[in-house]
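Student: I want to test the labels against their definitions. Let us take them one at a time.

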Amino acid sequence: EKGGYDHFMLKEIFEQPQTIFDSLRGRLDAKKGTLTMGGIREYAEMLSKANRIIIVACGTSWHAGLIAEYVIEELCRIPVEVEYASEFRYRNPVVGPGDVIIAVSQSGETADTLVAIESAKEKGAIILGICNVVGSSIARLSHAGAYTHAGPEIGVASTKAFTAQLAVLCLVALKIASEKGSVSAQRFQHLLDELEQTSDKVATALKLDDQVKAIADKYKDARDFLYLGRGYNFPVALEGALKLKEISYIHAEGYPAAEMKHGPIALVDENLPVVIVATKDSYYEKVVSNIQEIKARKGKVIAIVTEGDQTIPPMADDVIFVPSADEIVAPIISVIPLQLLAYHIGVLKGFDVDKPRNLAKSVTVE
Ligand code: F6R
């Protein structure tokens, strides 16, 4: 059942080239330049006219929502807010007709997310569900939606569901943008091509497994980890830190790289591994200066960089090269080494990575 892998988590990490392909299949046709989203067709025009979009989710799905916020604002020019479902629900939020709520949930059963959309629906908002489990409560409560088609996720830590959420949320953003006319035909086509190539690029990134395992071995006894990124890679840093916490019980924090100087830099010393997602994008030059700030304080830098990068490798203690991609789809690829790092550290420390302590696969209590 684990398909020859030691754990479901590793099997699911390695399934990602296929699950990403499955999440796009029948929807995206890069050759023809078309994008079909059956589950939102009726609402496409409404979505493109939304006053604002509110994404509600928890945990890893909330991280996918944070990336989607940047993608939707960039491509659709619609204001987006991302909310922890539990916070959104209990503070009497301003929400009503004309608002679109995107609920992101692997299980489709998370109680916090479910009650949040129930109350928003009562107030007249349109609910779009992005779920993995077909027929789940959140999917049934939604007006429209798109399944992520990642297949059953057994490992408690979410991996393949996350990358499928990112792929589907990109499709939704592109659909709204093309309906609205807020993206050029050339950029639309380019992003369809880029999305289609992510599955192969993820397969390439998975070949780094041995290298990541060696890095895991080197840093497995650290007491704390810091994860940094900017722009589209900032939520990837949050996700990398969450995976490490869940699986290895090491304290880890994710931060926007530039925020570091406003506080967390006080933690940096020769004992602190700092994982920096620094792929080539519009934030790159700024991230390079953030790395210099860490090295000046003797932090250990583990850098995730784009193949061919020659600037960061001489500055970093450890380097992981990932295939180059448009910044909008880059998180789907840059998260792969972070999933592997958490997995290997957890295994090396002797923990049950498929069933981390205190956690359940779907959290059906508020
Ligand atoms: C992290 C993880 C949790 C879930 C969260 C939301 O690895 O598994 O943080 O992401 O409980 O679950 P869903 O997506 O099922 O609503």
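**Labels and cut-offs**

Tutor: Start with a cysteine. The sulfur of Cys 170 is 10 Å from the closest cysteine sulfur, that of Cys 76, which is too far for a bond.

Student: What makes 10 Å too far for a bond at Cys 170?

Tutor: A disulfide is a pair of cysteine sulfur atoms within 2.5 Å. The closest cysteine sulfur to that of Cys 170 is 10 Å away, so the pair fails. By this rule the chain has zero disulfides. Cys 58 is in none either; its nearest cysteine sulfur, in Cys 131, is 12 Å away.

Student: What kind of model is this, and how are residues numbered?

Tutor: This is a predicted model: local features need pLDDT of at least 70, side-chain atom pairs count only at pLDDT 80 or more, and totals for chains, interfaces and linings use all residues. Residues are numbered from 1 along each chain as its sequence is written, and side-chain values use heavy atoms, with hydrogens and water left out.

Student: Why is Cys 170 called buried?

Tutor: Buried means under 20% relative accessible area, exposed over 50%, partly exposed in between (1.4 Å probe, protein chains only). Cys 170 has 7%, so it is buried.

Student: Why is Cys 58 called partly exposed?

Tutor: Its relative accessible area is 22%, so Cys 58 falls in the in-between class.

Student: Which class does Phe 21 fall in, and where is it found?

Tutor: Phe 21 has 42%, so it is partly exposed. It is found in helix α2, residues 16-24. Helices are DSSP runs of H or I, at least four residues; strands are runs of E, at least two; both are numbered from the N terminus.

Student: Is Glu 83 buried or exposed?

Tutor: Buried: the relative accessible area of Glu 83 is 11%. Its place is in strand β4, residues 80-84.

Student: What is Glu 83 in contact with?

Tutor: Contact means heavy atoms within 4.5 Å. Leaving aside neighbours within four places in sequence, the contacts of Glu 83 include Ile 54, Trp 62 and Arg 91.

Student: How do you know that the protein chain agrees with a compact globule?

Tutor: The radius of gyration is taken over C-alpha atoms, and the globule rule is 2.2 Å times the number of residues to the power 0.38. For 366 residues that gives a value near 21 Å; the protein chain has 20 Å, so the two agree.

Student: How much of the protein chain is buried?

Tutor: Buried residues make up 60% of the 366.
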